[in-house]
Amino acid sequence: MDMKRFTNHLRQGKTPAFPPEAKDLQFAQDLDRQDELAEFRDQFNIPTRASLQRKSLKPQPQQPASNGTLVLHEGTGLHAWVNGHHDQDTNSPHPQSSDDGDARCIYFVGNSLGAQPKLVREHLDAHLDTWAAIGVNGHFTTLDDSPLVSWQDMAEDCARKSVDIVGASSASEVIIMNTLTANLHLLMASFYRPTEQRHKILVEWRPFPSDWYAIQTQIQWHGLDPATSMIEIQPSSPPDLYLSTATILATIDAHADSAALLLLPGIQYYTGQLFDIPLITSHAHKRGILVGWDLAHAAGNVELRLHDWDVDFAVWCTYKYLNAGPGAIAGAFVHERHGGVTPAADGKGFDYRPRLAGWYGCDKQVRFNMDKEFRPTPGAAGFQVSNPSAVDLASLSAALEVFGRAGMGRLRGKGLVLTAYLEWLLDGILEDSDGKEDGNKEGEVDGSKEGEKDFRILTPRNPMERGSQLSLLLRPGLLERVSRALAENGVVCDARKPDVIRVAPVPLYCRFEDVWRFAEILRGALRDS
Ligand SMILES: *Cc1c(COP(=O)(O)O)cnc(C)c1O
């Protein structure tokens with residue numbers, strides 16, 4: 001199968017049919033051989049099935065390295081997989097040999113915490129060595145043989161490396177600072193300035209709780225009532241969780257005179273739905289509404305063009321698809337039209353968009369003059385408040401370096417095919433089990449059997465309306481057993497009570513073979529449930 005042609009189909013929103021032989025492991029392995037990003041997998045420390053069992057930081061010598069306690073499902077192919085290989089630990093800083101890959105778990109949880117790029121350790125070491133050697137001078141000194149710039153320039157360096165990931169016009173539209181929710185608050189302080197007439201914030205009906213709390217308390221902070229100022233955009237045809245663009249636009253129209261801000265996720269964390277950011281943004285602008293996007297699940301996952309799409313502001317974290325490590329420093333985008341700093345008309349001070357300020361938002365030329373007057377750096381950097389953590393920035397700079405080498409276009413291309421392949425294999429499981437229950441193969445997929453299926457894919461079927469995540473809604477009562485079976489067979493993914501598992505075969509370090517093995521493990525788990 002020609003992967004490039006396939007990718008082009010998917011980019012047009014079409015799902016091309018996989019050939020019948022796609023159900024064989026060989027087919028998956030053939031795609032892996034065609035994968036021009038395959039080399040990146042070895043640039044990550046992916047937990048092994050053995051290391052996942054660890055109770056101590058270092059492997060204990062008395063414990064056998066290979067894990068003999070796994071429950072295997074007969075006939076899934078797993079037997080052969082586990083037997084012929086030694087479960088070696090690839091996570092030591094100096095692995096003895098390059099691993100053969102089979103010891104590594106199926107890490108399908110990069111939508112929650114990305115795997116560790118090996119380059120992170122190199123960058124952290126460089127930072128620690130710099131600090132040890134030159135102390136405070138590290139603020140302004142860049143050592144010749146270091147992968148890092150001086151501490152004062154690291155945030156800007158990371159902003160530069162983020163330009164292509166979010167589609168900024170230049171680094172001046174990006175600021176690396178704080179964490180996602182903190183940035184949401186800071187940017188809402190600037191972009192949500194309710195008036196008597198325009199006071200509403202339009203949100204989706206099921207936001208990530210942190211976003212919900214931030215929006216709700218911002219409204220209260222202004223002395224307003226979320227019951228009247230917070231408008232939830234409801235799914236088009238419940239209980240389906242899909243939010244159609246038409247529904248979103250209609251809600252915008254319904255509140256066109258009273259809404260101040262529209263705040264949506266680029267990708268909905270629960271269903272994996274990717275929204276039409278340019279169309280929604282432009283529609284809201286026509287109604288005089290400012291637009292912010294939470295890109296926690298979109299940054300590093302799908303291609304973004306925030307500047308061209310005219311987005312007012314956006315925030316994202318860096319520990320999901322971007323792999324900078326748990327709780328790592330986050331990013332924010334402020335469109336250049338909001339970042340201007342001009343001398344005030346009366347000759348006193350400067351005009352700029354109101355914000356909550358701190359000394360690191362001050363122009364570098366005057367930052368250390370310790371003046372009382374706040375003169376922001378033009379652009380997104382003028383929204384920074386504090387001295388950013390160099391440890392965080394070292395880690396993030398490594399993670400972004402890897403993205404730079406891989407390129408968002410290529411990553412999205414592979415991601416589209418990986419996810420479509422997963423979807424196709426999952427549909428195969430449903431078809432096979434339908435056939436069994438019916439005793440024949442007629443009328444199998446749609447219609448009255450809906451309620452009896454073991455699972456349903458919540459994520460949109462259109463490849464351009466999703467990233468690398470598929471959310472499976474399991475038949476009630478299955479979640480615990482299925483999650484246990486997945487874990488026992490070396491799959492790491494995310495279970496959300498009561499009935500959803502979210503699986504994310506991210507293209508940087510996951511293989512088609514992982515997708516194939518995952519599907520076989522799931523098939524076995526469902527059969528045994
Ligand atoms: C992951 C995620 C967050 C996390 O916020 P932090 O401030 O980084 O803890 C917030 N919102 C959404 C939509 C997320 O997916």
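## A tour from serine 210 to strand β10

Select serine 210 and threonine 181: their side chains are joined by a polar contact of 2.7 Å. The model on screen is a predicted one. Serine 210 belongs to helix α7, residues 209-221. Both Thr181 and Ser210 are covered by the "binding site" annotation of the unreviewed UniProt entry, which also includes Leu180, Asp294, His297, Trp359 and Asn387 among its positions.

Tyr319 is another position under that annotation, so select tyrosine 319 next. Tyrosine 319 sits in the loop between β9 and β10. With a relative accessibility of 24%, tyrosine 319 counts as partly exposed. Beyond its neighbours within four places in sequence, tyrosine 319 has contacts that include Ser112, Leu113 and Gly114, as well as Ala324 and Pro326.

Now move to strand β10, residues 330-334. Five of its five residues are buried, so the strand is largely enclosed by the rest of the structure. Side chains in a regular strand alternate between the two faces of the sheet. In β10, Ala330, Ala332 and Val334 point one way, while Gly331 and Phe333 point the other way.

Show the strands paired with β10. Strand β4 (residues 174-177) is antiparallel to β10, with four bridges; here methionine 177 is opposite alanine 330. Strand β9 (residues 313-316) also runs antiparallel to β10 and is joined to β10 by four bridges. Tryptophan 316 has glycine 331 of β10 as its bridge partner.

Finish at aspartate 157, in helix α5 (residues 151-166). Aspartate 157 counts as buried because its relative accessibility is 13%, under the 20% cut-off. Apart from neighbours within four places in sequence, aspartate 157 contacts Val149 and Ser397.

How values were computed:
Residues are numbered from 1 along each chain as its sequence is written. This is a predicted model: local features need pLDDT of at least 70, side-chain atom pairs count only at pLDDT 80 or more; totals for chains, interfaces and linings use all residues. Side-chain values use heavy atoms; hydrogens and water are left out. Helices (H or I, at least four residues) and strands (E, at least two) are DSSP runs, numbered from the N terminus. Buried means under 20% relative accessible area, exposed over 50%, partly exposed in between (1.4 Å probe, protein chains only). Contact means heavy atoms within 4.5 Å. Two strands pair if DSSP finds at least two bridges between them. UniProt positions are given in the numbering used here, feature names are shortened, and annotations may be inferred rather than shown by experiment. A polar contact is a pair of N or O atoms within 3.5 Å; within protein, one must be able to donate a hydrogen and the other to accept it, and residues adjacent in sequence count only if both atoms are side-chain atoms.
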